[in-house]
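Work through the exercises below with the sequence and the model side by side. Try each task before reading its solution.

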Amino acid sequence: MATFVGQSRDQMTLELWYATMLLGHVEEAFEHQGTWFGNFRGATQRSNDRLSCRLDDFMDFCRDWYVRAGSSGGADASEFNAFHDVVRSGLWYTTTQDGLRTKISDAPMFMDGRNGEISWTVLSERNEAQGTER
């Protein structure tokens, strides 16, 4: 786990990236028991290309799935298979203001879609050595 020198837990702001695309910023990011949390603010200026639309669809799906998971109707984790290309791409990462890049395991969970609560786990060196295929 990376140590962020000079930044207190409640002051950390991260950039969230997918490949070369800046998706937005995660404010008030912190780690608890191996999972990172924060408040995601989607980038206001993004292209309308196929990949951007796919990522937007994924964020919207996460929000809807999260709502259903807490309801009597429920939600099934297998529904994420429809986004296998996005979830298992290995292209998600965060960067600090100092440029430290940290890979994300699978994909973040966008509980509120394009703006709001987000969580993720980082890809540990052990997982990276074993590959991301599961």
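Of the 134 residues of the chain, 35% count as buried, where buried means under 20% relative accessible area, exposed over 50%, and partly exposed in between (1.4 Å probe, protein chains only). The model is predicted: local features need pLDDT of at least 70, side-chain atom pairs count only at pLDDT 80 or more, and totals for chains, interfaces and linings use all residues. Residues are numbered from 1 along each chain as its sequence is written, and side-chain values use heavy atoms, with hydrogens and water left out.

**Exercise 1. Lay out the fold.**
Task: State how many helices and strands the chain has, and give their order.

Solution.
Step 1. Count the elements: there are three helices and seven strands. Helices (H or I, at least four residues) and strands (E, at least two) are DSSP runs, numbered from the N terminus.
Step 2. Read from the N terminus: the order is β-β-β-α-α-β-β-β-β-α.
Step 3. Turn to contacts, meaning heavy atoms within 4.5 Å. Among contacts with a separation of 6 or more, 51% join residues 24 or more positions apart.

**Exercise 2. Find the core.**
Task: Which elements give two or more residues to the largest nonpolar core?

Solution.
Step 1. Apply the definition: a nonpolar core is a set of buried Ala, Val, Leu, Ile, Met, Phe, Trp, Tyr and Cys residues joined through side-chain atoms within 4.5 Å.
Step 2. Size the largest one: it has 29 residues. Leu-16, Leu-23, Phe-58, Trp-92, Phe-110 and Trp-120 have the most contacts inside it.
Step 3. List the contributors: strand 1, strand 2 (21-32), strand 3 (35-42), helix 1, helix 2, strand 6 and strand 7 (115-120). Helix 1 gives the largest share, six residues.
Step 4. Inspect Trp-120. Its contacts include Val-26, Trp-36, Phe-37, Ile-104 and Pro-108, not counting residues up to four places away in sequence.

**Exercise 3. Place Leu-14.**
Task: Is Leu-14 buried or exposed?

Solution.
Step 1. Locate Leu-14: it lies in strand 1 (residues 14-18).
Step 2. Check its accessibility: at a relative accessible area of 3%, Leu-14 is buried.
Step 3. Look at its neighbours. Leaving out residues up to four places away in sequence, Leu-14 touches several residues, including Gly-24, Val-26, Thr-94 and Trp-120.
Step 4. Compare sequence and space: Leu-14 and Glu-28 are 14 residues apart in sequence and 8.5 Å apart, C-alpha to C-alpha.

**Exercise 4. Trace the salt bridges.**
Task: Which parts of the chain does the pair Arg-54 and Asp-85 tie together?

Solution.
Step 1. Search the whole structure: eight salt bridges turn up. A salt bridge is a side-chain nitrogen of Lys or Arg within 4 Å of a carboxyl oxygen of Asp or Glu.
Step 2. Take Arg-54 and Asp-85: their closest N and O atoms are 2.7 Å apart. Arg-54 sits in helix 1 (residues 50-69) and Asp-85 in helix 2 (residues 84-87), so the pair ties together parts 31 residues apart in sequence. Arg-54 is partly exposed at 24% relative accessible area, and Asp-85 is partly exposed at 44%.
Step 3. Take Glu-79 and Arg-68: here the closest N and O atoms are 2.5 Å apart. Glu-79 is in the loop between helix 1 and helix 2, and Arg-68 is in helix 1, so this pair ties together parts 11 residues apart in sequence.
Step 4. Take Arg-88 and Asp-106: the closest N and O atoms are 3.4 Å apart. Arg-88 lies in the loop between helix 2 and strand 4 (92-95), and Asp-106 in the loop between strand 5 (101-103) and strand 6 (109-110).
Step 5. Look for shared partners: Asp-56, Asp-60, Arg-63, Asp-64 and Arg-114 are joined into one network.
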